[in-house]
Amino acid sequence: MSVAASPATIVSIDECVAEAVREGLASRPKRLPAWLFYDAAGSRLFDEITELPEYYLTRTERGILASRAKEIVSLAADGARLSIAELGAGSAEKTRLLLKAAVERQGTVVYEPVDVSASALDGARKRIQREIPGVTVAPRVMDYTRGDGHKFRLERNGQQGRRLVLYIGSSIGNFEPSAAMQLLRRVRTGLTTGDSFLLGVDLVKDKATLQNAYDDAAGVTAAFNRNLLVRLNSELDADFDIETFLHCAVWNSKKSRMEMHLASQSAQRVRLEALNLTVDFARGETIHTENSYKYRPGQAEEMMAEAGFAPAATWTDERGWFAVCLGRAR
Ligand code: AVI
């Protein structure tokens, strides 16, 4: 049973969170959007995930960037000066490789990280300026992750030379295909012909490797998934009994995506006081919390071409598990 929230009960909560939760828990099957993962605790857990032995994505992409940074920067610059922007920069840990290569090439570089978190951006700005002299960091707080990406706008920066926009880390995989295309088109709109876009995508591989990456032995991904409910308990005054929700990571081969769900292990009723909402769960009923699309070789290049980027180069690792694709704005 659901009861609509009265305006008086929602004044002190984040309306975006409230709206997403109300809508998601009223859906059948129930779902919650993946951007809800990233409160402070969720962001810390995600950082931990990137270090796990099973989570090959981060270290594989880092390996590609480490060996190709010089080539990427030189191709993107195309003989001109280069500035670098990054979507969803977070701590910008892998980006250093490219920034260092750009500083080696041209002495200085302007770096514009775009992220929803002002504090993450501030931390990254201080660290990068301290660790890589020659980088000027111009952060932009912007949310491009919610909904269909319609809030995202990359402004022309008035810099001379070429611009390279990074969207690495397989984050594009967390968007539905149509929203992913919309995001790529938006990036293209903010660029000038000759500028470049670097996209990092995770590729389809054997099921066991994929499932282990999203269901690690130490249980960090399970904690990351369940943290969503911890967040609802604290932000929406809910009473989810966290341990009764099982973390499930499933490979959906038809849709070419890893899915994460939380499955209620018993029939239970949950109250979300701040939303004046009561939600019933049947035994085994799930909340779908994330999709992580895996691409076939060549697919990211096709998407980029459709968005107005001519494929310039693609780099993969030895096992062909991850691809980093460079496209040039046509
Ligand atoms: C942020 N994103 C690319 C991660 C992924 O692999 O889809 C989030 C994640 N979910 C579970 N583990 C990591």
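Modeller: Let's start with a cut-off: a polar contact is a pair of N or O atoms within 3.5 Å. Keep in mind that this is a predicted model.

Colleague: Happy to. What makes the approach of Ser292 to the ligand a polar contact?

Modeller: An N or O atom in the side chain of Ser292 is 2.6 Å from an oxygen atom of the ligand. That value is within 3.5 Å, so the pair counts as a polar contact. As for cover, the ligand exposes 340 Å² when taken alone, and the protein buries 97% of that.

Colleague: And what makes the pairs with Tyr55 and Asn174 polar contacts?

Modeller: The reasoning runs likewise. For Tyr55, a side-chain N or O atom is 2.5 Å from an oxygen atom of the ligand. For Asn174, a polar side-chain atom lies 2.9 Å from a ligand nitrogen. Both values are within 3.5 Å, so both pairs qualify.

Colleague: Which elements supply at least two residues each of the shell around the ligand?

Modeller: They are α2 (40-49), α8 (220-235) and β12 (286-293). The shell itself has 14 residues, dividing into seven nonpolar, six polar and one charged.

Colleague: Moving on to charges, why is the pair Glu285 and Lys30 called a salt bridge?

Modeller: Their side chains meet at 2.5 Å, N to O. The cut-off between a Lys or Arg nitrogen and a carboxyl oxygen is 4 Å, so this pair passes. Glu285 sits in the loop between β11 (277-281) and β12, and Lys30 in strand β1 (residues 30-31), so the bridge ties together parts 255 residues apart in sequence.

Colleague: Why is Lys30 called buried?

Modeller: Its relative accessibility is 2%. Buried means under 20%, so Lys30 belongs in that class.

Colleague: How do you know that Lys94 and Glu61 form a salt bridge?

Modeller: Their closest N and O atoms are 2.6 Å apart, which is within 4 Å, so the pair counts. Lys94 lies in the loop between β2 (82-87) and α4 (95-106), while Glu61 lies in helix α3 (residues 56-77), 33 residues apart. Both Lys94 and Glu61 are buried.

Colleague: Then how are the partners Asp280 and Arg269 classed, buried or exposed?

Modeller: Arg269 has a relative accessible area of 57%, which is over 50%, so it is exposed. Asp280, at 31%, falls between 20% and 50%, so it is partly exposed. Their closest N and O atoms are 2.7 Å apart in a salt bridge, which joins strand β11 to strand β10 (residues 268-272).

Technical notes:
Residues numbered from 1 in each chain as written. Predicted model: local features only at pLDDT ≥ 70, side-chain atom pairs only at ≥ 80, totals over all residues. Heavy atoms only, no water. Near = heavy atom within 4 Å. Polar contact = N/O pair within 3.5 Å; in protein donor to acceptor, adjacent residues only side chain to side chain. Areas by Shrake-Rupley, 256 points an atom, 1.4 Å probe, with all protein chains shown as cover. Helix = DSSP H or I, 4+ residues; strand = E, 2+ residues; numbered from the N terminus. Nonpolar A, V, L, I, M, F, W, Y, C, P; charged D, E, K, R; others polar. Buried < 20%, exposed > 50% of the residue type's maximum accessible area, 1.4 Å probe, protein only.
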